[in-house]
Amino acid sequence: MEAKKILLVEDDPNFGSVLRDYLSLNDFEVTLAKNGMEGFEKFKKDTYDLCILDVMMPYKDGYTLAREIRERNTEVPIIFLTAKTLKEDVLKGYKVGADDYLNKPFDSEVLLMKIKAIIQRKASETKPDSTIFEFTIGKFHLNSKLRFLTFDNQEPIKLSPKESELLKMLALHENDLMPRELALTKIWRDDNYFTSRSMDVYIAKLRKYLKLDERVEILNIHGEGFRLVINS
């Protein structure tokens, strides 16, 4: 798979190069710019999957740069890095089109998780099969619009909205990895410890329903997500 390209605009040279190296080690292709002006020049010359912008920069701040990026591209995700935690600054960031925000200092693993979640979310939004709502899962039939799960023509089970969404997402990724962050950001609209625990509860409920067909199972891929498997 081709490496996702990230534009990183950060005026602190030490922090910028450390972050670039960290993201490169995690299989991203990173272009580093040291200020807003240089950042915009690099943005115009290439296509990026995501932009990470420091807010406080000389010559051109992160907000101005984000506005200019948005004028050229309304879709590319933008994450702001800021030393300020003022509510006004956060709101200002979202107004100019930020997808997410991180306050310095931050845990680099949290940034990595946010990047992956945003890229996954963007990819799933453009997935043509997301309009499909009927699925065959072993001896089960799922109608995600009506939220009915039917086993072998028996009386259908009415699923809750989240159960139905989660099973649909697993079915769309049948025999493939459904990333944990993707489900959390799409269904729960958040990716934190509490929503993650909540999702585990829903996975347990789905496993209980699917027990009727021993060929169907939801595997836990440690640290990555889940996989709906139909054994032959």
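**A tour of two pockets, a helix and a strand**

Begin with the largest pocket of this predicted model: select K116, Q120, P179, E181 and E224, which lie nearest its centre among the 35 residues of its lining. The space in this largest pocket amounts to about 980 Å³. Next, colour helix 5 (108–125), strand 10 (177–179), helix 7 (180–188), helix 8 (193–210) and strand 11, each of which supplies at least two lining residues. Helix 5 gives the most, with nine residues. By type, the lining of the largest pocket comprises 14 nonpolar, 10 polar and 11 charged residues.

Keep helix 5 in view and turn to the second largest pocket, which holds about 280 Å³ of space. Helix 5 again provides the largest share of the lining, here six residues. Select the lining residues, among them D99, K114, R121 and D191. Seven residues of this lining are charged, four are nonpolar and one is polar.

Then move to strand 11 (residues 216–221) and select L219. L219 counts as partly exposed because its relative accessibility is 28%, between the limits of 20% for buried and 50% for exposed. Beyond its neighbours within four places in sequence, L219 is in contact with R207, G225, F226, R227 and V229.

Finally, select helix 2 (residues 36–45), whose buried residues are G36, G39, F40 and F43. These lie on the same side of helix 2, because they cover an arc of only 95 degrees around the axis. Show strand 1 (4–9), strand 2 (28–33), strand 3 (50–54) and helix 3 (62–72) to see what the buried residues pack against. At the start of helix 2, a side-chain oxygen of N35 comes to within 3.0 Å of the backbone nitrogen of M37.

Notes. Residues are numbered from 1 along each chain as its sequence is written. This is a predicted model: local features need pLDDT of at least 70, side-chain atom pairs count only at pLDDT 80 or more; totals for chains, interfaces and linings use all residues. Side-chain values use heavy atoms; hydrogens and water are left out. Buried means under 20% relative accessible area, exposed over 50%, partly exposed in between (1.4 Å probe, protein chains only). Helices (H or I, at least four residues) and strands (E, at least two) are DSSP runs, numbered from the N terminus. The arc is that of the directions from the helix axis to the C-beta atoms. Contact means heavy atoms within 4.5 Å. A polar contact is a pair of N or O atoms within 3.5 Å; within protein, one must be able to donate a hydrogen and the other to accept it, and residues adjacent in sequence count only if both atoms are side-chain atoms. On a 1 Å grid over the protein atoms alone, a cavity is a set of points where a 1.4 Å probe fits but cannot get out, and a pocket is an open set with protein on both sides within 12 Å along at least five of seven lines; lining residues have an atom within 4 Å of a point. Grid points are joined across faces, edges and corners, and a volume is the space filled by probe spheres set on the points. Ala, Val, Leu, Ile, Met, Phe, Trp, Tyr, Cys and Pro count as nonpolar, Asp, Glu, Lys and Arg as charged, and the others, Gly among them, as polar.
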